[in-house]
Amino acid sequence: MALPILLTRPGERGARLAAALAAQGQMPQHLEVMGLEALDEDAQQRSIWLDIDQFSRIVVVSPYAAERLAEALDRYWPQLPLGPAFYAVGQATAETLHRYLGVRVHVPPPGSGDTSEDLLTLPSLARLDEQKVLLVAGEGGRPLLAETLAARGARVTRLALYRRVMHPPRGAAAERLASGDYAALVISSGELLEYLAGWCQSRALNQPLIVSSRRLATLADSLGFTKVRIAGGASVAALSAAVEDIDGRDDGAVIDHDDLEKG
C-alpha cells in the first residue's frame, strides 16, 4: 500500500494542493495542525480603511490576508481608490487580490521566486522616500518586509488581520508523523516547521521533507531533518512537482546541507 503525503497547509490552498497530488496518483493526508482566525475589527483597522487612499503602496503577504483586505475594502469603499499600488508575496496572493478586487498586482517576474526577498528586488520598491506603505499580514511572522521597506525610506504601517492557531496533531495522521510512516512531509511555513519538529522522532526526521524556500531548508537542517528538498516555490504547482519528483530521486539527490548556509 502506498504511503501518504502529509500536508500542513490550511484552508482552500491546502485543499487545492491535496487535489493536485491526488490527480498525480498520490495519497495526500492532512495533519490539520494550523487554523487561521480573522481578528475582530478595531479602531486602528477602521481608521486605516477610511484612509486607505493615503497609502501609495499596499503590500499583502498571504492569500488569507488578501481575502480579509478585500472584504474590508468592499464594506468601506464601494469603488476602490485609484491611488494605492498593490504588491503581493507569492502568485497565490496576487491571484486572490485580482479575483476579489480586480486590481493589477505587482509581483516578481515569472521564474524569479515568490518569497518576501524576491518581492523586495522589484525596482519600484527600491526607493520609498517618505511614501506611506501599508503591510497587510497576520499576527507575528517575519519582520523582513517591514524593516527593509522602512530602511528604504517608507513610512510603514503593519496591519494584522488574522492570527494563526496551532493544534496538536491528531488521529492517524499524527501517528504517521510520530512514526515516520509516510512518503513525504510538505511544509511552506517556518512557524509550522518549528512546531511540527517537536512531534517528529528519529525516523520522521529522516523522511523526505519538502519545503518552499531555501530559508526554510536552512531552518529544517538546524532542526535535524536530513532529507530536505526545496520546491520551486510555495505554489500548488511547485509543491506538487516536488512531490512527484521524490520517486525519481535517490539519497544522492538530496540537497547539500553544507551549501544551505551559503545561501
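Biologist: Before we start, what does buried mean here?

Modeller: Buried means under 20% relative accessible area, exposed means over 50%, and partly exposed is in between, with a 1.4 Å probe and protein chains only. Strand 7 fits the first class well, as five of its six residues are buried. Strands (E, at least two residues) and helices (H or I, at least four) are DSSP runs, numbered from the N terminus.

Biologist: And where does the model come from?

Modeller: This is a predicted model, where local features need pLDDT of at least 70 and side-chain atom pairs count only at pLDDT 80 or more, while totals for chains, interfaces and linings use all residues. Residues are numbered from 1 along each chain as its sequence is written, and side-chain values use heavy atoms, with hydrogens and water left out.

Biologist: OK, back to strand 7. Which sheet is that in?

Modeller: An open one of five strands, in the order 6-5-4-7-8, with parallel pairing. The edges are strand 6 (105-106) and strand 8 (155-160), each of which pairs on one side only. Two strands count as paired if DSSP finds at least two bridges between them.

Biologist: How many bridges are there between strand 7 and strand 8?

Modeller: Six, in the parallel sense. As an example, Leu134 has Thr157 in strand 8 as its bridge partner. On strand 7's link to strand 4, there are four bridges, also parallel, and Val60 is matched with Val136 there.

Biologist: What about strand 4 and strand 5?

Modeller: Strand 4 (residues 57-60) and strand 5 (residues 85-88) run parallel with four bridges. Val59 sits opposite Tyr87 of strand 5. Helix 2 (residues 43-50) packs on this sheet and touches strand 7 (132-137) and strand 8, its direction making about 125° with that of strand 8. Contact means heavy atoms within 4.5 Å, and the angles run from 0 to 180 degrees between N-to-C directions of lines fitted to C-alpha atoms, for helices over the stretch in contact.

Biologist: New topic. What's the order of the strands in the open sheet with strand 10?

Modeller: That one goes 2-1-10-11-12, five strands with parallel pairing. Strand 2 (28-30) and strand 12 (227-230) are its edges, each pairing on one side only. From one strand to the next, the twist averages 25°. Helix 10 (residues 214-223) packs on that sheet, touching strand 10, strand 11 and strand 12, and its direction makes about 175° with that of strand 12.

Biologist: How many bridges join strand 10 to strand 11?

Modeller: Three, between residues 184-187 and residues 208-211. Ile187 has Val211 as its bridge partner in strand 11.

Biologist: Now Leu36. Buried, partly exposed or exposed?

Modeller: Leu36 counts as partly exposed, because its relative accessibility is 31%. Leu36 belongs to strand 3 (residues 34-38). Beyond four places in sequence, its contacts are Pro10, Tyr64, Tyr162, Arg163 and Arg164.

Biologist: And the whole chain: how many helices and strands?

Modeller: Twelve helices and twelve strands. The radius of gyration is 19 Å, close to the 18 Å from the globule rule for 263 residues, so the chain is as compact as a globular protein of that length. That radius is taken over C-alpha atoms, and the rule is 2.2 Å times the number of residues to the power 0.38. Of the 263 residues, 45% count as buried.
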